[in-house]
Amino acid sequence: VPLTESGGGSVQAGGSLRLSCTASGRLYTSAVINWFRQAPGKEREYVAAISWSNGYTYYSDSVKGRFTISKDRAENTVYLQMDNLKPEDAAVYYCRRSTSPGDRGPGSWGPGTQVTVSS
């Protein structure tokens, strides 16, 4: 099922953004939706994940307490609310479907959505 990221933008440090990841088709209950990010010159890193079936959430230590992942079944969408953004959060953000948190899953990566944070 293709996923489409949106909602990126440019904010000042301390600001907030909400990213969206919308599935174009039905997501199976076994699906876990993950957010990853990649900053220029850095490896792609795991950010957060949510279980599509029970809503359990998972976070990397770098965003815990500042980011909130949630889902809307009716909209077939997973959100990533990002608060208290820091310059080091600037990256291209991607969402991925897999079967476990942090797993990058199969297939190629989409274009992602750009987040810029100015200090």
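Which residues line the largest pocket? In this predicted model, the lining consists of Val1, Pro2, Leu3, Glu5, Cys95, Arg96, Arg97, Pro106, Gly107, Ser108, Trp109 and Gly110. The volume of the largest pocket is about 190 Å³. By residue class, the lining holds six nonpolar, three polar and three charged residues. Two strands, β1 (3-6) and β9 (91-98), each contribute at least two residues to the lining. The largest share, three residues, is supplied by β9. These two strands are a good way into the sheets.

Start with β1. This strand belongs to an open sheet of four strands, ordered β1-β3-β8-β7. The pairing there is antiparallel. Strands of a sheet pair through backbone hydrogen bonds, either parallel or antiparallel. At the edges of the four-stranded sheet stand β1 and β7 (67-72). Each has a single partner strand, so one side of each is left without a neighbour in the sheet. Neighbouring strands of this sheet are turned against each other by 15° on average, direction ignored.

One pairing in this sheet can be followed residue by residue. Strand β7 pairs with β8 (residues 77-82) in the antiparallel sense, over six bridges. Take Thr68 as a marker: its bridge partner in β8 is Gln81. The loop between β7 and β8 contains Asn76. Phi of Asn76 is near 55°, a positive value in a residue other than glycine. Asn76 has a relative accessible area of 18%. Buried means under 20%, so Asn76 counts as buried.

Go on past β8. The loop between β8 and β9 holds Asn84. Phi of Asn84 is near 50°, again a positive value in a residue other than glycine. Is Asn84 buried, partly exposed or exposed? Asn84 is partly exposed, with a relative accessible area of 43%.

Now turn to β9. This strand sits in an open sheet of six strands. The order is β2-β10-β9-β4-β5-β6, and the pairing is mixed. Here β2 (9-12) and β6 (57-59) stand at the edges. Each of them has a single partner strand, so one side of each lacks a neighbour in the sheet. The twist averages 20° from one strand to the next.

The parallel part of this mixed sheet includes the pairing at the β2 edge. Strand β2 and strand β10 (residues 113-118) pair in the parallel sense over four bridges. Gln12 marks the register: its bridge partner in β10 is Ser118.

What joins Cys21 to Cys95? The link is a disulfide, with an S to S distance of 2.1 Å. A disulfide is a covalent bond between the sulfur atoms of two cysteines. The structure holds one disulfide. The torsion about the S-S bond of Cys21 and Cys95 is about 80°, so the disulfide is right-handed. Cys21 lies in strand β3 (residues 17-23) and Cys95 in strand β9, so the pair ties together parts that are 74 residues apart in sequence. Strand β3 is part of the four-stranded sheet, and strand β9 is part of the six-stranded sheet. Both ends of the link are buried: Cys21 has a relative accessible area of 2%, and Cys95 has one of 4%.

Cys95 also leads back to the start. This cysteine is one of the residues lining the largest pocket, and its sulfur partner is Cys21.

Methods: Residues are numbered from 1 along each chain as its sequence is written. This is a predicted model: local features need pLDDT of at least 70, side-chain atom pairs count only at pLDDT 80 or more; totals for chains, interfaces and linings use all residues. Side-chain values use heavy atoms; hydrogens and water are left out. On a 1 Å grid over the protein atoms alone, a cavity is a set of points where a 1.4 Å probe fits but cannot get out, and a pocket is an open set with protein on both sides within 12 Å along at least five of seven lines; lining residues have an atom within 4 Å of a point. Grid points are joined across faces, edges and corners, and a volume is the space filled by probe spheres set on the points. Ala, Val, Leu, Ile, Met, Phe, Trp, Tyr, Cys and Pro count as nonpolar, Asp, Glu, Lys and Arg as charged, and the others, Gly among them, as polar. Two strands pair if DSSP finds at least two bridges between them. Axes are lines fitted to C-alpha atoms, for helices over the stretch in contact, and angles run from 0 to 180 degrees between N-to-C directions. A disulfide is a pair of cysteine sulfur atoms within 2.5 Å. Buried means under 20% relative accessible area, exposed over 50%, partly exposed in between (1.4 Å probe, protein chains only).
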